[in-house]
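Dear colleague,

I am handing over the structure below, and after it you will find an account of what turned up when I went through it. Please read the notes with the model open beside you.

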Amino acid sequence: MNQNSPGDLSCFFYPDSIAVIGVSPEENNLAKNIILNCLTLGYKGEILPVGLKGGVAFGQRIYPSVEVIDGKIDLAVILTPARTIPGILEQCGRKGIRNVVIESGGFSELGEEGKAMERACIEKAQRYGIRFIGPNCIGVTNMENGLALSFMALQKGLFPGPVSVLAQSGGVGLTYIGFLADEHIGLNKFVSMGNKLNVNETDLLAYLIRDEGTRIILVYLEGFSDGRRFIETARMSSKPILVYKANRFKESASIAHSHTAALFADDQLVDHALAQAGCIRINTLQDAMDYIKSRTLPPLRGNRLAIVSRSGGHAVIAADACTYYGFEFARLPKGLLKKFETRFRAHVIRLQNPLDLGDLFDLDFYVYILEELLKRRNVDGILLGHAYFRGKEQEPSRMLLKRVEQLVDQYQKPVVPVILTETREREYLRRNLSLPIFWAPENAMRALQFSYRWSKHTLPAPPATYRLKGRGGSRAEEIVRSAGERGHLLLSEGMDLLQAFGFPISPYRLVQNRTQALAAWKSLGAPVAMKINRPHVNHKARGNALRLNLDSRRQITEAFRELQTRTGKDVEVLVQPMRQEGLEVILGGKRDPVFGSIILFGLGGRFVELLGDVVWRVVPVSPEEASQMVRAIRGYNLLREAGGASPATFKSLERLLLKLSGIMESLSKVREIDINPVLVHRGETEVLDVRVIVD
């Protein structure tokens, strides 16, 4: 089987027989824990212990090798010293075992010797068509059939649920599993991926997207095996994918040849790429739990909320969070508020949204209020804040929450309860309610925000494949080839390349002496700029390679002489008309070692690196994604103003981004490209400068 193909991974989750290799009768043998975990969770398949010392484990013979076992073995799990693994894979291959989990450590994480053993494992796997998970992991758990391959004892109280977890770190994965159990949400499948030498996160993601038992996918990664393939796979998922990407601030190994490279930041690109794929990036374990809890409620389909709280202070905190996450306060009619007020005692609280019910002690009337709010079309969801202690109010409060469950089911709108009570009571609520319970208004509001975002999620349109054909395509390839060993295109060549792809290029003249420069000035009929036709300097003005606002014979002559002095007698100068109005933006592209070809859009000009107002996308981009890029920058309002709020401005920029995506997709020799600045003015766009780095 092709090692890079997702293939059929079902035997990793639903084997009828497993060989556990590395078992011995010794009390502290870790491989025995794998068998014990499977027995504890009720795995019904055949478990075959294997170990050189022989003996008995859990009343069953320990075989000296998989090759002496009669019958078919679906999955082998190996926990032996790293140096023994290649030989054991050889035995598995001869036996016909095609699915293996390698839990042993001591590979590339420990240096060159470990890397050599990794290469040997890969060679054995390729020879026999073996797919393996690991090494350096704690295996696979499937709560649907009791498969539990961890050599560490699993937490008690695990039960089946909707969430499947992929984790590069076994320890982090076990932490997630623990929280899912504590929050009474439940686990479906768990894979500790370790070094990801063969089966990687994208292979497993593709499997879980198709898996019927998995409704939510939670991924912990320290690095991508193939970022582009991960994005391509994730973007086609109808299930929510939560990604915690650690190892965030590693410096890029790329040399910043251009603005695009200088603006590049690994973590920002990860943010934008995950958003492009429809994934939800989480930065804390609590983020993950808040999101997952929100998925146990009906989706929040609008952004108008009601806040009902027993505590005025917590109502204020919830209102702050409501505004922070971009929600609106649903307008409540005076007649409805007056109905509510009839049941208050002292009438000292002015009713509004948020509703402060601190003067109301009839919890049955709470139910009436909540139902009246849920009936209203302009209320999309409710945050309910309620504080109580065990004693007189304990049973009525539990009944209130049971009624809230019924209302949520009846009206199919989310009510998120924020319950302030003792720890023992919290545990009771977790175990006995299907309703998710939150312990702070901020967490509840964040969960609603997650729910609202996902309610609007749709599968993206397929990306556009913009490939230049015919004469234009041949011309573009010829221009790139002309760079030879230079490693870059001349400015004029870069402009010609863009012109071949249909970019709107500022008119220019290429001159080699003062006479030609004067003639160019006269023909362009405006104040002009003069630039050296050699892109050695990012900032031409800073590098003394640019002269602006030239509009007389003397200025043209002096400028040419200065540029000639700067570069030598064989200077070639590009003359362009000056543009006095408009907003400057940048379009850029580069080859990323993780995500492949990527493109950039943002505010441009001289201060592009200072402002850093840019967005990234993985190539190819769809028309919808190009539109999102243009609207995602912080300077969007400046862009609207410069374009006269004209839809034509944005359509023009979107087309340019699609063409840039085409350059990065079809011209593999283009390593980096800066199109900066592109001038935006009154529905028009015009490229003033470009820099192209080639292999």
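I would start at L242, whose bridge partner in β14 is I280. Please keep in mind from here on that this is a predicted model. The bridge belongs to the pairing of β13 with β14, which is parallel and extends over two bridges. Both strands are part of an open sheet of seven strands with mixed pairing, in the order β9-β8-β11-β10-β12-β13-β14. Why does one side of β9 and of β14 have no neighbour in the sheet? β9 (147–148) and β14 (280–281) stand at the edges and each has a single partner strand, so one side of each is left free of a neighbour there.

Strand β13 also takes part in an aromatic contact, one of the 10 aromatic pairs counted. The ring centres of Y220 and Y244 are 5.7 Å apart and the planes make an angle of 40 degrees, so this pair is classed as tilted, given that only angles under 30 degrees count as stacked and those over 60 as edge-to-face. Y220 lies in strand β12 (residues 216–221) and Y244 in strand β13 (residues 241–245), so that the pair links distant parts of the chain, 24 residues apart. Y220 counts as buried, at 7% relative accessibility, whereas Y244, at 22%, counts as partly exposed, because the limit for buried is under 20%.

A second pair, that of Y291 and F450, has its ring centres 5.3 Å apart and its planes at 70 degrees, and is therefore edge-to-face. This pair, too, links distant parts of the chain, with Y291 in helix α10 (residues 285–294) and F450 in helix α16 (residues 441–455), 159 residues apart. Both Y291 and F450 are buried. Elsewhere, F224, F230 and F595 are linked into a cluster by ring pairs.

Two arginines are placed over aromatic rings. R398 lies over the face of Y428, at 3.4 Å from the ring centre, and R426 lies over the face of W439, at 4.5 Å from the ring centre.

Towards the start of the chain, strand β1 (residues 17–21) and β2 run parallel and are joined by five bridges, with I18 standing opposite I47 in β2. Together with helix α2 (residues 31–41), β1 and β2 make a right-handed β-α-β unit. Strand β2 (residues 46–50) is mostly covered, four of its five residues being buried.

Strand β23 (residues 573–577) is also mostly covered, and here five of its five residues are buried. The cover extends to both faces, with V573, V575 and P577 buried on one side and L574 and Q576 buried on the other. Strand β20 (residues 509–511) runs antiparallel to β23 and is joined to it by three bridges, and V511 stands opposite V573. Strand β21 (residues 528–532) likewise pairs with β23 in the antiparallel sense, over five bridges, with K531 opposite L574.

How many cavities of 30 Å³ or more does a search of the whole structure find? It finds one, and the largest cavity has a volume of about 70 Å³. Its lining includes S309, R310, H314 and P441. Strands β18 (381–387) and β19 (415–420) each supply at least two lining residues, and β18 gives the most, with four.

Finally, some points of backbone geometry deserve a look. Most residues other than glycine have a negative phi, and most peptide bonds are trans. The bond joining G134 and P135 is cis, with omega of about -5 degrees, and P135 is found in the loop between β7 (131–133) and β8 (139–142). The peptide bond from V619 to P620 is cis as well, with omega near 0 degrees, and P620 lies in the loop between β26 (614–618) and α22 (623–632). F58 has a positive phi, near 55 degrees, in the loop between β3 (56–57) and β4 (60–61), and counts as partly exposed at 47% relative accessibility. H184 has a positive phi of about 60 degrees; its place is in the loop between α5 (170–182) and β11 (187–192), and at 37% relative accessibility H184 counts as partly exposed.

With best wishes

Terms used:
Residues are numbered from 1 along each chain as its sequence is written. This is a predicted model: local features need pLDDT of at least 70, side-chain atom pairs count only at pLDDT 80 or more; totals for chains, interfaces and linings use all residues. Side-chain values use heavy atoms; hydrogens and water are left out. Rings of Phe, Tyr and Trp (its six-membered ring) pair if their centres lie within 6.5 Å; planes under 30 degrees apart count as stacked, over 60 as edge-to-face and the rest as tilted. Buried means under 20% relative accessible area, exposed over 50%, partly exposed in between (1.4 Å probe, protein chains only). A charge sits over a ring if NZ of Lys or CZ of Arg is within 6 Å of the ring centre and within 35 degrees of the ring normal. Two strands pair if DSSP finds at least two bridges between them. A crossover is right-handed if, with the strands pointing away from the viewer, the path from the first strand over the helix to the second runs clockwise. On a 1 Å grid over the protein atoms alone, a cavity is a set of points where a 1.4 Å probe fits but cannot get out, and a pocket is an open set with protein on both sides within 12 Å along at least five of seven lines; lining residues have an atom within 4 Å of a point. Grid points are joined across faces, edges and corners, and a volume is the space filled by probe spheres set on the points.
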